[in-house]
Amino acid sequence: MNFDLIYMFKLIPAILGYLPITLLISGASIIVATLLGLLLALMLRGGKLLRGVARLYISFFRGTPVLVQLLIIYFGLPQLFPVLNSVGPVYAVIAGLSFNTAAYLAEIFRAGIDSVDRGQIEAALASGLSLPVACWRILFPQICRNAIPATGNMYIGLIKNSSLAFTLGVTELLSAGKLEATASLKFFEAYTAVALVYWGVTFLLSLLQRQLETHLGKPYQQ
Amino acid sequence: MYADKSMINVSGISKSFRGFQALDNISFDVQPREVVSIIGPSGSGKSTLLRTLNLLVLPDSGKISIGNASIDAQHVQRKQINTLRSKSSMVFQHYNLFRNKTAQENITEVLRFAKKLGRKEADEKALEYLHRVGLHDKASSYPAMLSGGQQQRVGIARALSLEPEVILMDEPTSSLDPEMRRGILKLIAEIATQNITLAIVTHEMNFAREISDRLFFMEQGRIIAQGAPDEIIQGDVGSRIDAFVNDYEI
């Protein structure tokens, strides 16, 4: 068996140098996707037209491969709108991952909103709280608690999908690993090193998620 | 004027849900410090009526006033809704405690954000009201840790703490087992003696008779009889009420 363990561990620090770009893509996408997902979730509960637009959006972005979406955004759209030629691939990846993940988050948030008993908002309003205060202080924490497990999964999926940036020519974790692999011809070690770094990042995120779940779940323990 | 003195004045309110007439041109007055119970068969519109008083249900037409706040259902502004709601507080059948807040926080939350009290003052007042309902030792318990009866006590403390002009109670004991029910009924009976205007929707006929100044009997979205409890329950006001009262084994 031909496996160079020492090479693999030596490679990790070199690959880690590209972690910031992966984190930038993932972090920015998480923020944009969450805001867009919330907007879509509210649209799903809105009037007929808003609901229709949101459903169409969700259907398209859930029903087509994320890689195809990235290719449309980065290579296709500038053909229609030449001004987009100046947009760098990192921005295109952030846009694509955000648009895609938002479609899934919208359904998760909608279910989260629906899962809170109507009596909660009624009690808040009947006690004289304004609607925004009732939403922020009473509904939002309960929605978060219900939505966090599924949302955490989506965030982890998004971090892994950030490796697709490689296809648009962004040098991030995966492409750094591929460069090393091609140079050394030690493919197994290089790609395993890449996998370990992704695993480390998603493991830390899972820990954070579990802590948040414990914290928000405290009021519900009998 | 009679209407000027009344605490609650309801004039000609109607409400329909998808063609079902839940409230049909209802008018009544409730005097300050009066205790009224609304009784009647299920689906007669009792809860809907109560919930129009704080506009959790917005009537299609008619006028409502509580204290010096009033609203015309056909020309409603958000500010008027908030003003009218500030005149009353509500106790719910399913307690509706904020599930993410402790017993004490359930009260401080409404004191801070509805009554605009400072955090410290709200905390102290919340404890005082929990004490009043005998639950000061449960201040830091979350609703999930409390029994139904305890949750309803917190719900009552929350409603009292707002010191409203009117307290609305929507079947406050319907979700409780008999033992807990007795405790809550006793607590409500005590509150009823404390110079507060109370409107209660209930199926507890004996209780309603004991504590109420007046009973409203509802059927098919209308108040078909109102008067002193004995007048309604024993008086000759119609066979339908007799049948209903007999069902509840008075």
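**Close-up views of a predicted two-chain model**

**Figure 1. Helix 2 of chain A and its packing partners.** The buried residues of helix 2 of chain A pack against four elements of that chain: helix 3 (48-63), helix 5 (89-115), helix 7 and helix 8 (173-184). The model shown here, as in every view, is predicted. Which residues of helix 2 are buried? They are Thr22(A), Ile25(A), Ser26(A), Ser29(A), Ile30(A), Ala33(A), Gly37(A), Leu40(A), Ala41(A) and Met43(A). Helix 2 covers residues 19-44 of chain A, 26 residues in total. At 1.5 Å a residue, a helix of that many residues should span 38 Å. The end C-alpha atoms of helix 2 are 36 Å apart, so the span agrees with the expected value.

**Figure 2. Chain A as a whole.** Chain A has 9 helices and no strands. From the N terminus on, its elements therefore read α-α-α-α-α-α-α-α-α. Along the principal axes, the C-alpha atoms fill a box of roughly 70 × 50 × 25 Å. The chain holds 222 residues, and 33% of them count as buried. How much of the contact in chain A joins residues 24 or more positions apart? Among contacts with a separation of 6 or more, such pairs account for 76%.

**Figure 3. Annotated spans of chain A.** An unreviewed UniProt entry places the feature "transmembrane region" at residues 15-44, 56-77, 89-109 and 190-208 of chain A. Two of these spans are described here. Residues 15-44 are 93% helix and 0% strand. The end C-alpha atoms of residues 15-44 are 42 Å apart. Residues 89-109 are 100% helix and 0% strand, with end C-alpha atoms 29 Å apart. The UniProt annotation "domain: ABC transmembrane type-1", also from an unreviewed entry, covers residues 19-209 of chain A. Over residues 19-209 the chain is 83% helix and 0% strand. How far apart are the ends of residues 19-209? Their C-alpha atoms lie 20 Å apart.

**Figure 4. Helix 6 against helix 7 in chain A.** Helix 6 spans residues 118-126 and helix 7 spans residues 131-161. The two pack at an angle of about 145°, with their axes 10 Å apart. Helix 6 passes helix 7 in a right-handed crossing. From helix 6, the contact is made by Gln120(A), Ile121(A), Ala124(A) and Leu125(A). From helix 7, the contact is made by Leu131(A), Ala134(A), Ile138(A), Leu139(A) and Gln142(A). By class, this contact has 7 nonpolar residues, 2 polar residues and no charged ones.

**Figure 5. Where chain A touches chain B.** Chain A gives 19 residues to the contact, and chain B gives 22. Which elements of chain A give two or more residues to its side? They are helix 6 and helix 7. Helix 6 supplies the largest share of the chain A side, 6 residues. That side divides into 9 nonpolar, 8 polar and 2 charged residues.

**Figure 6. Arg51(A) in helix 3.** Arg51(A) sits in helix 3 of chain A. Is Arg51(A) buried, exposed or partly exposed? It has 13 C-beta neighbours inside 10 Å, so it counts as partly exposed. Leaving aside neighbours within four places in sequence, Arg51(A) is in contact with Met43(A), Leu44(A) and Gly46(A). Leu5(A) lies 46 residues away along the chain. The C-alpha atoms of Arg51(A) and Leu5(A) are separated by 54 Å.

**Figure 7. Asp24(B) in strand 2.** Asp24(B) belongs to strand 2 of chain B, residues 20-30. Because it has 15 C-beta neighbours inside 10 Å, Asp24(B) counts as partly exposed. What does Asp24(B) touch, not counting residues up to four places away in sequence? It touches Ser14(B), Gly221(B) and Arg222(B). Gly45(B) is 21 residues from Asp24(B) in sequence, and the two C-alpha atoms are 9.2 Å apart in space.

**Figure 8. Two residues of chain B with positive phi.** Most residues other than glycine have a negative phi. Leu55(B) has a positive phi, near 65°. Its place is the loop between helix 2 (46-53) and strand 4 (61-66) of chain B. Leu55(B) is buried, with 20 other C-beta atoms within 10 Å. Lys116(B) is not a glycine either, and its phi is positive at about 60°. Lys116(B) is found in the loop between helix 4 (103-113) and helix 5 (119-132) of chain B. Lys116(B) is exposed, with 9 other C-beta atoms within 10 Å.

Conventions:
Residues are numbered from 1 along each chain as its sequence is written. Chains are lettered from A and ligands numbered from 1 in the order in which they are written. This is a predicted model: local features need pLDDT of at least 70, side-chain atom pairs count only at pLDDT 80 or more; totals for chains, interfaces and linings use all residues. Axes are lines fitted to C-alpha atoms, for helices over the stretch in contact, and angles run from 0 to 180 degrees between N-to-C directions. A crossing is left-handed if the near helix is turned anticlockwise from the far one by less than a right angle, and right-handed if clockwise. Two residues are in contact if their C-beta atoms, placed from the backbone, lie within 7 Å. Ala, Val, Leu, Ile, Met, Phe, Trp, Tyr, Cys and Pro count as nonpolar, Asp, Glu, Lys and Arg as charged, and the others, Gly among them, as polar. A residue is buried if 20 or more other C-beta atoms lie within 10 Å of its own, exposed if 12 or fewer, and partly exposed in between; C-beta atoms are placed from the backbone. UniProt positions are given in the numbering used here, feature names are shortened, and annotations may be inferred rather than shown by experiment. The expected span of a helix is 1.5 Å times one less than its number of residues.
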